[in-house]
Amino acid sequence: MLIDKLKYLQGYVKIRLSGYAPERFLNLCSNHDILIWNLEYEEDHYVFCISIRGLKRLKPILKKTRTTFVILERVGLPFVMRRYRKRKLFFAGIFLCCGLLYTMSLFVWRIEINGNLHETDSSILKFLEEHKVYHGLLKSKINCEKIEEELRAGYEDIIWASAKLEGTMLIIDVQENLVTNQQAAAKGETEDLPGDLVADKDAVIYSILTRQGTPYVEKGTEVHPGDMLVEGKNPVYNDNEEIASWQYCVADADILGITEYTYEDRFSMWYEEKVYTGKERETYGIRFFNFQIRLPYLSRKFSDYDMITDEYDVKIGDTFYLPLALTKETHREYRLEKKQYTEKEARQAAEEKLKQFCEELTQNGIQIMENRVAITADRKTCAAFGTIEVIEPIGSRKETVAADTPQEEMPDGM
């Protein structure tokens with residue numbers, strides 16, 4: 001493949017050789033290191049390819065062997081250049097294109113982010129823009145080590161970052177901390193000031209496991225918002241088993257409470273459904289930098305339609321992106337038809353919404369104990385209302401207020 005390209009750049013010709021001693025001609029070419037290829041014998045003559053440099057060395061060999069040749073085909077860049085030598089604008093366009101490509105190669109036109117799970121691409125791109133790293137920035141102004149440091153400092157959950165330049169791409173690989181939010185919060189709490197755990201909603205204590213602090217509730221206790229659950233201090237006793245002082249700490253406990261969620265959903269038995277007609281219209285455009293150019297519509301516009309947009313970046317190879325993209329918009333026509341749920345369909349739709357709500361609770365670590373939601377339907381509306389009894393973590397942080405006296409009354413039952 002590479003040899004073929006070199007032959008094209010140097011230029012070669014395809015010739016037909018005839019005469020008195022063509023075999024001797026071939027032997028002399030071999031003795032003088034003149035390369036010929038694609039040799040074929042046709043009736044009383046030979047056809048082969050030879051480079052321009054080798055062609056210029058054939059004159060004495062032709063005279064010795066009393067042979068002649070006819071050029072059948074000229075192939076290669078030198079012949080192309082000669083053919084278009086009078087077309088100055090053509091060559092000017094080539095040089096201008098090369099100059100533009102070189103200029104474009106000095107900038108970053110694509111930023112690719114890999115490895116992020118919790119942080120979205122858009123948030124990281126916005127963070128980079130705030131630190132003056134954006135699409136269209138000169139590559140010479142990009143400091144990869146600085147970008148890595150800023151990402152680690154700007155995001156607590158990013159523990160490792162790598163930035164590198166390839167072509168016109170800035171590739172950023174990150175690794176996020178895999179600890180859960182509760183673990184991260186607990187870790188943060190250990191570094192804060194002393195604090196209590198107080199109830200943040202009405203609940204009945206299902207279980208409590210205290211790691212640090214003084215518990216004020218036990219299983220079965222009914223609590224309301226603001227009630228103390230675990231106080232952020234531990235008593236220090238003297239020899240008489242009396243409280244001599246308090247050791248303040250960050251209250252830490254796993255507290256589960258039985259709570260209720262009120263659920264209510266109501267929708268009409270009549271609804272509008274999209275019915276696609278099968279008619280589609282495609283329009284094309286070009287995005288250059290931040291400018292969008294849309295080609296004029298060549299067909300009748302639809303009154304109601306869905307639009308699907310596809311964008312194709314223009315690039316050379318895998319990493320040489322250009323600030324140019326081709327866009328394709330597909331418009332799918334539809335009409336709205338008014339329909340009515342049957343009682344069975346309405347109940348199924350309401351049950352599906354309730355099921356989705358319960359799944360969201362479960363995904364947030366909430367355990368469902370009892371579902372007391374009733375579904376009713378008539379000719380006009382379908383309604384679902386009731387309560388869902390759950391077990392979930394309760395308690396929020398509140399700063400501990402230090403006591404003025406060393407001794408304080410302990411909570412009842414402790």
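Buried here means under 20% relative accessible area, exposed means over 50%, and partly exposed lies in between (1.4 Å probe, protein chains only). The structure is a predicted model, in which local features need pLDDT of at least 70, side-chain atom pairs count only at pLDDT 80 or more, and totals for chains, interfaces and linings use all residues. Residues are numbered from 1 along each chain as its sequence is written, and side-chain values use heavy atoms, with hydrogens and water left out. Helices (H or I, at least four residues) and strands (E, at least two) are DSSP runs numbered from the N terminus.

**Helix H2**

- Helix H2 spans residues 22-31, and its buried residues are Pro22, Phe25, Leu26, Leu28 and Cys29.
- These residues cover an arc of only 165° around the axis, so they lie on the same side of H2; the arc is that of the directions from the helix axis to the C-beta atoms.
- The exposed residues Asn27, Ser30 and Asn31 sit on the face of H2 turned away from its buried side.
- Cover for the buried residues of H2 includes strands E1 (12-19), E2 (36-42), E3 (45-51) and E4 (67-75), together with helix H4 (59-65); contact means heavy atoms within 4.5 Å.
- Aspartate 33, just after H2, has a positive phi of about 55°.

**Helix H7**

- In helix H7 (residues 121-130), the buried residues are Ile124, Phe127 and Leu128.
- Their arc around the axis is only 100°, which places them on the same side of H7.
- Ser122, Lys126 and Glu130 are exposed on the other side of H7.
- Strand E5 (110-114), helix H8 (144-154) and strand E7 (169-176) are among the elements that cover the buried residues of H7.
- Lysine 132 follows just after H7 and takes a positive phi of about 60°.

**Contacts of Leucine 55 and Valine 217**

- Leucine 55 belongs to helix H3 (residues 52-55) and touches Val13, Ile50, Phe69 and Ile71, not counting residues up to four places away in sequence.
- Between the C-alpha atoms of leucine 55 and lysine 146, which are 91 residues apart in sequence, the distance is 59 Å.
- Valine 217 occupies the loop between strand E10 (214-215) and strand E11 (222-223), and its relative accessible area of 7% makes valine 217 buried.
- Leaving aside neighbours within four places in sequence, valine 217 contacts Ile205, Ile208, Val223, Met228 and Leu229.
- Valine 217 and aspartate 227 are ten residues apart along the chain, and their C-alpha atoms are separated by 9.5 Å.

**Strands E16, E17 and E19, and the nonpolar patch**

- Strand E16 runs antiparallel to strand E19 (residues 320-340), and 16 bridges join them; two strands pair if DSSP finds at least two bridges between them.
- E16 and E17 are also antiparallel and are joined by four bridges, with arginine 287 opposite glutamine 292 in E17.
- The two strands E16 and E17 form a hairpin with two residues between them, and phenylalanine 289 in the turn has a positive phi of about 55°.
- Phenylalanine 288 lies in strand E16, has leucine 324 as its bridge partner in E19, and counts as partly exposed at 36% relative accessibility.
- Ile286, Phe288, Phe289, Phe291, Ile293, Tyr312 and Leu326 form a nonpolar surface patch with about 680 Å² of accessible area together.
- Strand E16 (270-288) and strand E17 (291-294) are the elements that give two or more residues to this patch.
- Patches are made of residues with over 30% relative accessible area and no salt bridge, like charges being joined within 9 Å and nonpolar side chains (Val, Leu, Ile, Met, Phe, Trp, Tyr) within 5 Å; areas come from the Shrake-Rupley method with a 1.4 Å probe, and for residues only the protein chains shown count as cover.

**Salt bridges**

- The count is 19 salt bridges, each being a side-chain nitrogen of Lys or Arg within 4 Å of a carboxyl oxygen of Asp or Glu.
- Aspartate 265 forms a salt bridge with lysine 353, their closest N and O atoms being 3.8 Å apart.
- Because aspartate 265 lies in strand E15 (residues 252-268) and lysine 353 in helix H10 (residues 343-363), this pair ties together parts that are 88 residues apart in sequence.
- Aspartate 265 is buried at 16% relative accessibility, whereas lysine 353 is partly exposed at 39%.
- Arginine 294 and glutamate 329 meet through their side chains in a salt bridge (3.1 Å, N to O).
- With arginine 294 in strand E17 and glutamate 329 in strand E19, the pair ties together parts 35 residues apart in sequence.
- Arginine 294 is exposed at 52% relative accessibility, while glutamate 329 is buried at 7%.
- Arg110, Arg287, Glu311 and Asp313 are joined into one network by salt bridges that share partners.
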